[in-house]
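User: I would like to go through this structure and test the terms used for it. Please give the value behind each label.

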Amino acid sequence: MNRTKQVDKDRAVPVYTVYIQMYGTFTLSQSDKRPMYFQIMEQIKQRIMIGDWAEGQPIPSIRQLAVDLQVSVITVKRAYYELEREGVIITQHGKGSHVASTSGLGDRLREQELEQHLEQAARIAAQLRMPPKRLVERLREAGDRVAEKDKELI
Amino acid sequence: MNDLTTDLAVELSGVSKKYRYFTLEEIHLKLPRGQIMGLIGANGAGKSTTIRVLMGLVHQDSGEVRVLGHSMPAEQVAAKWDIGFASEDMRLYDSMTLDWHMRFMRSIFPNWDPAYAQLLLKRFGLRAEQQIKGISHGQRVKAALLLVLARKPQLLVLDEPTTGLDPVARHEVLRELTGVMAEEGRSILFSSHNTQDVEQISDQITFIDRGRIIDSMDKETYLDRWRRLRLEVPLGIELPPLPGIVGVQRQGRLAVATSNAFAPDLAHAYEDTGVRVQSIESMTLEEIFVANVEHSREEVEA
């Protein structure tokens, strides 16, 4: 009862971040249309991109991650297999898995992400019959808008 | 040890069982050790009968059943030491407490893990001193699961373990089931008509409809074969019949085709005829379930 009284409307709402475990923040969504293995891949890549998982760092075993995420072993196995094919992680039989020791891996993943978005933009522009020159202009305008917004934040 | 000579936890080959109004036909399925199999099907499809046959509770008319290397029903006494079975109609003694049941199981099964039983009591929010007759349906289901889980059997056979549970209880149960997989070599076979549960925790999926197995394979391969293609069909062009397409819905210039044998070639084949492929979407197990049952019933009736 006392607690509710203490809430001061003018005070900023505190934000709590709970670090449960190294991979406690994995979240799989059932309303996400993409398959579960793909969601796991994306979240592993994200950790590498932002530097939480460093190059060469050991990562959880397939079985361990499956138990923690409460999903089937085969789904995590699939995610690890695809990540290995993309050169993002390396699995050594009997020794577990680790992030690939490629330098600049995080940047390379961001680069790939950019590439995918650019292709998508090009595809939609083609559907709109927009000449490439106009698309380039639009991209520049979008860049200006982003810079403007960033300034507002500071 | 006999049961270490095979890497299959469960193997049914050509199992049939005839009832007056229902027939289980030529059931073949294999569950490798260390994996979870979800048995999925509509009400009355034959899930429970299949489970009863593999537990030796119902004797098949023909075909072979092997569970943990034991031939069923002949060797069911030996097999059952290592099988934990729970079903909806499992009877607990109403006038006894959960604690009494736990002590009873402990006196019979040498593998009973008292510490794990205490942990499960806490996680499931159960009270050991409570009489069975005073607890809710959900608590009863969880109590029955506790009694098999704490035995730490090599194989868990669960008939509808999440049916009738609220979302929190369902989550607790799924967590314990996936937790079992932390120990290599233990296996689970469970039935459900909740496709979400099956999609989330199964390594293997087996589809039963009207007493027949429609599909049985590993989940990733299975989900990967099904796709929905959104198509734009220009006026004057007929949609060609293509192999691997199990259903087409068309409205005006838009069409949706469902495939159970998807490969990129399929999209190219459409585009070669002037049809534009707008998108290719993966499907949830729920969507596949409905499409598959409809398709296989059409095939049977054709």
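User: Which strands does helix H1 of chain B lie across, and at what angle does H1(B) run to S1(B)?

Analyst: This is a predicted model. Helix H1 (residues 47-54) of chain B lies across S1, S2, S4 and S5 of chain B. Its angle to S1(B) is about 115°.

User: What makes S2-S1-S4-S5 of chain B an open sheet, and which strands stand at the edges?

Analyst: The order is S2-S1-S4-S5, with antiparallel pairing. Strand S2 (23-32) and strand S5 (70-72) of chain B each have a single partner strand, so one side of each is left without a neighbour in the sheet. From one strand to the next, the twist averages 20°.

User: How do you know that S1(B) and S4(B) pair?

Analyst: Pairing requires at least two bridges between the strands. Strand S1 (residues 8-18) and strand S4 (residues 62-67) of chain B are joined by five bridges, so they pair. They run antiparallel. One of the partnerships sets Leu12(B) against Val65(B) in S4(B).

User: Why is H5(B) called roughly parallel to H6(B)?

Analyst: The axes of helix H5 (residues 137-149) of chain B and H6(B) cross at roughly 10° and come within 11 Å. That crossing makes H5(B) roughly parallel to H6(B), because angles under 35 degrees count as roughly parallel.

User: Which residues of H5(B) and H6(B) meet?

Analyst: Gly138(B), Lys142(B), Leu145(B) and Leu149(B) come from H5(B). They meet Ala169(B), Val173(B) and Glu176(B) in H6(B). By class, this contact has four nonpolar, one polar and two charged residues. Gly138(B) is in the contact, and Gly counts as polar.

User: Which elements give two or more residues to the side of chain B that touches chain A?

Analyst: In total, 18 residues of chain B are in contact with 14 residues of chain A. The elements are helix H6 (167-180), helix H7 (195-201), helix H8 (219-225) and strand S14 (276-282) of chain B. H6(B) gives the most, with four residues. By class, the chain B side has six nonpolar, six polar and six charged residues.

User: On the chain A side, which residues of helix H3 are called buried, and what do they pack against?

Analyst: The buried residues of helix H3 (residues 62-69) of chain A are Ile62(A), Leu65(A), Ala66(A), Val67(A) and Leu69(A). A residue is buried if 20 or more other C-beta atoms lie within 10 Å of its own. The buried residues of H3(A) pack against helix H4 (73-85) of chain A together with H6 of chain B. Gln70(A) follows H3(A), with a positive phi near 60°.

User: Back in chain B, which residues make up the covered and uncovered faces of S11(B)?

Analyst: In strand S11 (residues 227-232) of chain B, the covered face holds Arg227(B), Leu229(B) and Leu231(B). The uncovered face holds Arg228(B), Arg230(B) and Glu232(B). In a regular strand the side chains alternate between the two faces of the sheet.

User: How do you know that S11(B) pairs with S13(B) and with S14(B)?

Analyst: Again, at least two bridges are needed. S11(B) has six bridges to strand S13 (residues 254-259) of chain B. S11(B) and S14(B) also pair over six bridges. Both pairings are antiparallel. Glu232(B) stands opposite Leu254(B) in S13(B) and opposite Arg276(B) in S14(B).

Technical notes: Residues are numbered from 1 along each chain as its sequence is written. Chains are lettered from A and ligands numbered from 1 in the order in which they are written. This is a predicted model: local features need pLDDT of at least 70, side-chain atom pairs count only at pLDDT 80 or more; totals for chains, interfaces and linings use all residues. Two residues are in contact if their C-beta atoms, placed from the backbone, lie within 7 Å. Axes are lines fitted to C-alpha atoms, for helices over the stretch in contact, and angles run from 0 to 180 degrees between N-to-C directions. A residue is buried if 20 or more other C-beta atoms lie within 10 Å of its own, exposed if 12 or fewer, and partly exposed in between; C-beta atoms are placed from the backbone. Angles under 35 degrees count as roughly parallel, over 145 as roughly antiparallel, 65 to 115 as roughly perpendicular and the rest as oblique.
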